[in-house]
Amino acid sequence: MRVKVLSRNPDDYVRETKLDLQRVPRNYDPALHPFEVAREYTRALNATKLERVFAKPFLSSLDGHRDGVNCMAKHPKSLSTVLSGACDGEVKIWNLTRRQCIRTIQAHEGFVRGMCARFCGTSFFTVGDDKTVKQWKMESPEYGEEEEPIHTILGKTVYTGIDHHWKEPVFATCGHQVDIWDEQRTSPKCSLTWGFDSISCVKFNPIETYLLGSCASDRNIVLYDMRKSTPLKKVILNMRTNTLCWNPMEAFIFTAANEDYNLYTFDMRFLESPVMVHMDHVSAVLDVDYSPTGKEFVSASFDKSIRIFPVDKGHSREVYHTKRMQHVITVKWTSDNKYILCGSDEMNIRLWKANASEKLGVLAPREKAAMNYNQKLKEKFQFHPQIRRIAQHRHLPKSIYCQIKEQRIMREARRRKEQNRRKHSKPGSVPFVPERKKHIVAVVK
């Protein structure tokens, strides 16, 4: 006769101390748990609701500027240091940990058009309406010393933007042309031009550091190679591009912020059509900045809101706004991937959480485990109608809500008109144009 005996190792279920959780032996056979999916769905629904309840992204505002904030720059070595330039020529250096201004410089007469920090973090550069490029020390002057720039370069025209090389003592400025400067010289190493309009922005590629991208007011996005004396190629869009930002993880990918309310993500090797068109804003997009992971980017718009887009999605996952926030001119995603800074017309810099419902501070191991479990449940049931509806709902200001409705009606009318033309025309005379190719005029090499 065979007798089955239960044999258990006490280490598997006996608590070490009375404060430990009681261990329970479990059998994961699905036949023994017929209601598991229903239970998990309920948990996913509750997790989604709680996420929206705790979604409070706004943290604080840094006020101190006496005019609209026109540009910002991140410190390459310090997470808690941010620089901002205003329309009255004033530059402020902020400590984000204490949320206060630690230094103020009257840098230019008129607007501060652009600023960037040196790759080593010891100094930073500013350009303004007074046709000068100035280099400043990052450290405050000693007691008794005057606040003066290290170097000043007098230019012939107004400079509208500046960016520093990621590894070498070289920086680029833009105005009526793109100039490449050596820090030790007062005249540019080389000047690159293609066309005759003013250039609003120039950016170095963080991976292939000799590549540059620029946006001009004649609707061009022009790409340059610092090792050549001529530009590489350009793409012409339907409307003007305000600025662009390179993906810090994928060398050839960049996103452009356009006047036609959209953002376009391009692969610089295939400029004939964008990789993705991001449509959600209801006014001109003024600035864009990537997260350090390269998976998302944040955009600032004239419609008084900022939006967070996944790189591979056409619509935003998050929209941030406040009653007092006016046209958002500049935006930055901090290097630790946790916060977003935006500067707007009404003289304020606002600090937001990158993940609206994220709990700040130290998490206990059980809290982390619970958060990861809830996240997996939300991903598992994300396409269920009820959960999807709750997860996607965002409160919008009335002006934006009405404009979205109006644009939806206009898009539907255009689609209907095109269908009618195709229906009453000779077959093949009205071709289907995909959304990605509608906005590209030409690519010139």
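The following exchange walks through a predicted model of one protein.

Visitor: What kind of model is this, and how are residues numbered?
Guide: This is a predicted model, in which local features need pLDDT of at least 70 and side-chain atom pairs count only at pLDDT 80 or more, while totals for chains, interfaces and linings use all residues. Side-chain values use heavy atoms, with hydrogens and water left out, and residues are numbered from 1 along each chain as its sequence is written.

Visitor: How many helices and strands does the protein have?
Guide: Helices (H or I, at least four residues) and strands (E, at least two) are DSSP runs, numbered from the N terminus. The C-alpha atoms fill a box of roughly 100 × 80 × 45 Å, taken along the principal axes. The secondary structure comes to five helices and 29 strands.

Visitor: What share of the residues of the protein count as buried?
Guide: Buried means under 20% relative accessible area, exposed over 50%, and partly exposed in between, with a 1.4 Å probe and protein chains only. Of the 445 residues, the buried share is 44%.

Visitor: Is the ring pair of phenylalanine 254 and phenylalanine 266 stacked or edge-to-face?
Guide: The structure holds 11 aromatic pairs. Rings of Phe, Tyr and Trp (its six-membered ring) pair if their centres lie within 6.5 Å; planes under 30 degrees apart count as stacked, over 60 as edge-to-face and the rest as tilted. Because the centres of phenylalanine 254 and phenylalanine 266 are 5.6 Å apart and their planes stand at 25 degrees, the pair is stacked.

Visitor: Which strands hold phenylalanine 254 and phenylalanine 266?
Guide: Phenylalanine 254 is buried at 1% relative accessible area, and phenylalanine 266 is buried at 0%. They are 12 residues apart and link distant parts of the chain: phenylalanine 254 is in strand S19 (residues 253-258) and phenylalanine 266 in strand S20 (residues 262-267).

Visitor: Where in the chain are the partners of the salt bridge between arginine 103 and glutamate 147?
Guide: A salt bridge is a side-chain nitrogen of Lys or Arg within 4 Å of a carboxyl oxygen of Asp or Glu, and the whole structure has 22 of them. In this one the closest N and O atoms are 2.6 Å apart; arginine 103 is buried at 7% relative accessibility, whereas glutamate 147 is partly exposed at 33%. The partners lie 44 residues apart, with arginine 103 in strand S5 (residues 100-106) and glutamate 147 in the loop between strand S8 (132-137) and strand S9 (151-154).

Visitor: How many residues apart in sequence are the parts that arginine 240 and glutamate 259 tie together?
Guide: The side chains of arginine 240 and glutamate 259 meet in a salt bridge of 3.3 Å, N to O. Arginine 240 lies in the loop between strand S17 (231-237) and strand S18 (241-246) and glutamate 259 in the loop between S19 and S20, so the pair ties together parts separated in sequence by 19 residues.

Visitor: Is aspartate 267 buried or exposed?
Guide: Aspartate 267 meets arginine 269 in a salt bridge (2.8 Å, N to O). Arginine 269 counts as partly exposed at 44% relative accessibility. Aspartate 267, at 8%, counts as buried.

Visitor: Which residues are linked in a network of salt bridges?
Guide: Side chains of opposite charge can pair when their charged atoms come close. One network of such bridges links Glu296, Arg317, Glu318 and Arg394.

Visitor: How far apart in space are valine 443 and valine 235?
Guide: Valine 443 is in strand S29 (residues 440-444) and is partly exposed at 26% relative accessibility. Valine 443 and valine 235 are 208 residues apart in sequence, yet their C-alpha to C-alpha distance is 4.4 Å.

Visitor: What is the phi of lysine 304?
Guide: Most residues other than glycine have a negative phi. Lysine 304 lies in the loop between strand S23 (296-301) and strand S24 (306-310) and is partly exposed at 34% relative accessibility. Although lysine 304 is not a glycine, its phi is positive, at about 70 degrees.
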